[in-house]
Amino acid sequence: MPAAPIIRVSPVTAALRDAVLRVRVRPEQDRFVSPPAHTLPDAEQCPGSEPMAILLDAAVVGYYRIERSARSLAGRDEDADALGLRSFQLDAACQGRGLGVTVMEALLADLTQRHPQARRIVLMVNSANAAALALYRRAGFADSGTLYHGGRSGPQHLLWRALP
Ligand SMILES: CC(C)(COP(=O)(O)OP(=O)(O)OC[C@H]1O[C@@H](n2cnc3c(N)ncnc32)[C@H](O)[C@@H]1OP(=O)(O)O)[C@@H](O)C(=O)NCCC(=O)NCCS
């Protein structure tokens, strides 16, 4: 039986940066997320952002950024002490293999190590993004119940999850 793939997450280091910039989702998903080539330089400049790489064995297969305050997502004061998750994406070549849940487990484990004081994580997801909604629900996220309009591709749900 082949060994199970090892998923890890890591801050985007100089050694990982070029591979992160090559991560691309499927063309039809471009309306849900911007590519790292657009958002990584911004995350690197922003003191409240942590750009992160997703690795499958030794290869970079995805990207996300953690915001130290989720208030920047929807502007809600009650999210000020929660972490925010943005730009979460897996390269098209690695999607649809059930890796999403394993990636989310690694992401949450990393947060509890590096942000032990954090109690919640918050994200926004487009209401038409079925794959992401299924993944987040399976990973234990709950819907805040409010739809946010004004996103570039239609209404968005604000989801949240308690951190251990
Ligand atoms: C969201 C994303 C990371 C999920 O990765 P993935 O490899 O597709 O994840 P999985 O294969 O583990 O599938 C996750 C769930 O979505 C379901 N799913 C996958 N593609 C789907 C689709 N097109 N429609 C409906 N459900 C879908 C799977 O069946 C699975 O559900 P289950 O756990 O109930 O079986 C990936 O689709 C992605 O990178 N999308 C583009 C970027 C994006 O939209 N990011 C979210 C920004 S908020």
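This passage describes the surroundings of the ligand and the pocket that holds it in a predicted model.

The ligand is surrounded by 24 residues, of which Phe88, Leu90, Gly96, Asn129 and Arg138 are the closest. By residue class, this shell around the ligand consists of 15 nonpolar, seven polar and two charged residues. Polar backbone atoms lie opposite ligand oxygen atoms at several positions: one such pair, with leucine 90, is separated by 2.8 Å, another, with glycine 100, by 3.1 Å, and a further one, with alanine 131, by 3.3 Å. The ligand taken alone exposes 940 Å², and 72% of that area is buried by the protein.

With respect to secondary structure, two or more residues of the shell are given by each of strand 4 (83–90), helix 4 (99–114), strand 5 (120–126) and helix 5 (130–138), and it is helix 5 that provides the largest share, namely seven residues.

The space taken by the ligand corresponds to the largest pocket, which holds about 1,000 Å³ of space. The lining of this pocket comprises 40 residues, and those nearest its centre are Phe32, Val33, Phe88, Asn129 and Tyr136. At least two lining residues are supplied by each of helix 2 (36–45), helix 3 (71–74), strand 4, helix 4, strand 5 and helix 5. In terms of residue class, the lining of the largest pocket divides into 17 nonpolar, 15 polar and eight charged residues. Phe88 and Asn129 are thus named both among the residues closest to the ligand and among those nearest the centre of the largest pocket.

Key:
Residues are numbered from 1 along each chain as its sequence is written. This is a predicted model: local features need pLDDT of at least 70, side-chain atom pairs count only at pLDDT 80 or more; totals for chains, interfaces and linings use all residues. Side-chain values use heavy atoms; hydrogens and water are left out. A residue is near a molecule or strand if one of its heavy atoms lies within 4 Å of it. A polar contact is a pair of N or O atoms within 3.5 Å; within protein, one must be able to donate a hydrogen and the other to accept it, and residues adjacent in sequence count only if both atoms are side-chain atoms. Accessible areas come from the Shrake-Rupley method with a 1.4 Å probe; for residues, only the protein chains shown count as cover. On a 1 Å grid over the protein atoms alone, a cavity is a set of points where a 1.4 Å probe fits but cannot get out, and a pocket is an open set with protein on both sides within 12 Å along at least five of seven lines; lining residues have an atom within 4 Å of a point. A molecule sits in a cavity or pocket if more than half of its atoms lie within 2 Å of its grid points. Helices (H or I, at least four residues) and strands (E, at least two) are DSSP runs, numbered from the N terminus. Ala, Val, Leu, Ile, Met, Phe, Trp, Tyr, Cys and Pro count as nonpolar, Asp, Glu, Lys and Arg as charged, and the others, Gly among them, as polar. Grid points are joined across faces, edges and corners, and a volume is the space filled by probe spheres set on the points.
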